[in-house]
Amino acid sequence: MGEVLTIEAPGRVALVEEKLPDVPEGGFRVVTAYSGVSAGTELTYVKGDNPYLNATFDRELGLFVPGTPSIEYPVRGIGYMQVGQVVETRTRAVREGARVAMAYGHRTAYVADPLADRFVELPEDLDPLLGVYVAHMGPICANGLLHAAHDLYGPAARRLGDGVHGRRVVVVGAGVVGLLVACFAMHGGAAEVVVVDETPARLEVAAALGADVLTASHDDTGDDPAVTLKRRWRHGPQDRGADVVFQCRGRARALALGLRLLRPQGTLVDLAFYTEGAGEVRLGEEFHHNGLSVRCAQIGRVPRGLAHAWDRERLSYETIGLLREWGPRLRRHLVTDVVGFRDAPLLLGDLAARRRQSLQAVLRHEVEEEGG
């Protein structure tokens, strides 16, 4: 038996027992060590504002349409940042005792099929807690960098940092995605990386990681970061601003700010999830007059023409490279909460209700909790 995190209804989170199947020929079983919490996507299910809960997503048409919701309560096994240890294997694809990064949801154990379930064996020199980023979250962020590289070089892009190397970069939003993107940009040789956010505590983390920071005020009481950076970054007459902006906060005002930060004909790479729409984005102003571009970078697709060279495995490999260099700083500054797996319902409930603030929360599961 194992346990799985279940969202019974908006605001109601619980752990329920889950019977595990026997390990089939060709399969393997993992026991969870760490499970990272996405305070963005996962909390939309706890709060009830995920679009899959309110409409049918027609994958063939790529449209949300009225009808039976694609996902209904109870929602089980959300989460995509797991690290587990292989405790039983009936396949040569992975050895017993291996530590693997996977995306099987918040559960204490899982029986996997190597033909259906993606896994990445973690190197011995990597902090296993940071392995929560290897299977999915790291590739999400790396894919943003890949879109910037493709925007500059098209299918000729060769290195992940091609779109930021030697360039002036802004990251809007200092959550986990934004901070990892900023680290990828610094790792890729950006000339300057500035992180813009409204929360001083998050900007302190960005600064501790090595980025420059600016405060974004949404009530017009502070300095305008767009004016500040456009005065600072000059490319030529009437050509000022960031070479590329990574938008990593799911608020319309953050997208609007990101567009204002760009130089003319610049590109904003958008990694955010706008559950409330984007009514504040003013497309008649900077977007129109400066000839800007917005590229949505989501992990379901890499840029056109690069799929043969940049699959999920390569993005995970790039993530491991980042973690090897930046791991101690990320562990010290990015991971703010490590709690026992059995405290997960309380943690998610508090985060959704804003009774608790967390940057990166990680659930820790001790093997002996389930009897060995």
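**Exercise 1. Locate Gln238 in this predicted model, and decide whether Gln238 is buried or exposed.**

Step 1. Gln238 lies in the loop that runs between strand 14 (234-236) and strand 15 (239-240).

Step 2. The relative accessible area of Gln238 is 80%, and since a residue counts as exposed when this value is over 50%, Gln238 is exposed.

Step 3. As for the backbone, Gln238 is not a glycine, and yet its phi is positive, at about 55°.

**Exercise 2. Find which residues Pro264 is in contact with, leaving aside its neighbours within four places in sequence, and describe where Pro264 is found.**

Step 1. Pro264 is found in strand 17, which covers residues 262-270.

Step 2. Once the neighbours within four places in sequence are left aside, the contacts of Pro264 are with Gln238, Asp239, Arg240, Asn290 and Leu292; Gln238, the loop residue between strand 14 and strand 15, is thus one of them.

Step 3. For one of these partners, Leu292, the separation from Pro264 is 28 residues in sequence, while in space the two lie 6.5 Å apart, C-alpha to C-alpha.

Step 4. Pro264 has a relative accessibility of 27%, and because the partly exposed class lies between 20% and 50%, Pro264 counts as partly exposed.

**Exercise 3. Describe the backbone at Gln265 and at the bond between Tyr73 and Pro74.**

Step 1. Gln265 is also placed in strand 17, and its phi is near 65°, a positive value in a residue other than glycine.

Step 2. With a relative accessible area of 68%, Gln265 is exposed.

Step 3. Tyr73 and Pro74 are joined by a cis peptide bond, with omega at about 0°, and Pro74 itself sits in the loop between strand 5 (63-65) and strand 6 (75-76).

**Exercise 4. Explain why the protein is described as being as compact as a globular protein of its length, and say where the model has a pLDDT below 50.**

Step 1. The secondary structure consists of 9 helices and 20 strands.

Step 2. The radius of gyration is 21 Å, close to the 21 Å that the globule rule gives for 372 residues, so the protein is as compact as a globular protein of that length.

Step 3. Of the 372 residues, 51% count as buried.

Step 4. The average pLDDT is 92, and 97% of the residues score at least 70, but over residues 368-372 the pLDDT is below 50, although this stretch has 8 contacts in the model beyond near neighbours in sequence. Where pLDDT is low, predicted coordinates should not be read in detail.

Definitions and conventions
Residues numbered from 1 in each chain as written. Predicted model: local features only at pLDDT ≥ 70, side-chain atom pairs only at ≥ 80, totals over all residues. Heavy atoms only, no water. pLDDT = per-residue confidence, 0-100. Contact = heavy atoms within 4.5 Å. Helix = DSSP H or I, 4+ residues; strand = E, 2+ residues; numbered from the N terminus. Rg over C-alpha atoms; globule rule 2.2 N^0.38 Å. Buried < 20%, exposed > 50% of the residue type's maximum accessible area, 1.4 Å probe, protein only.
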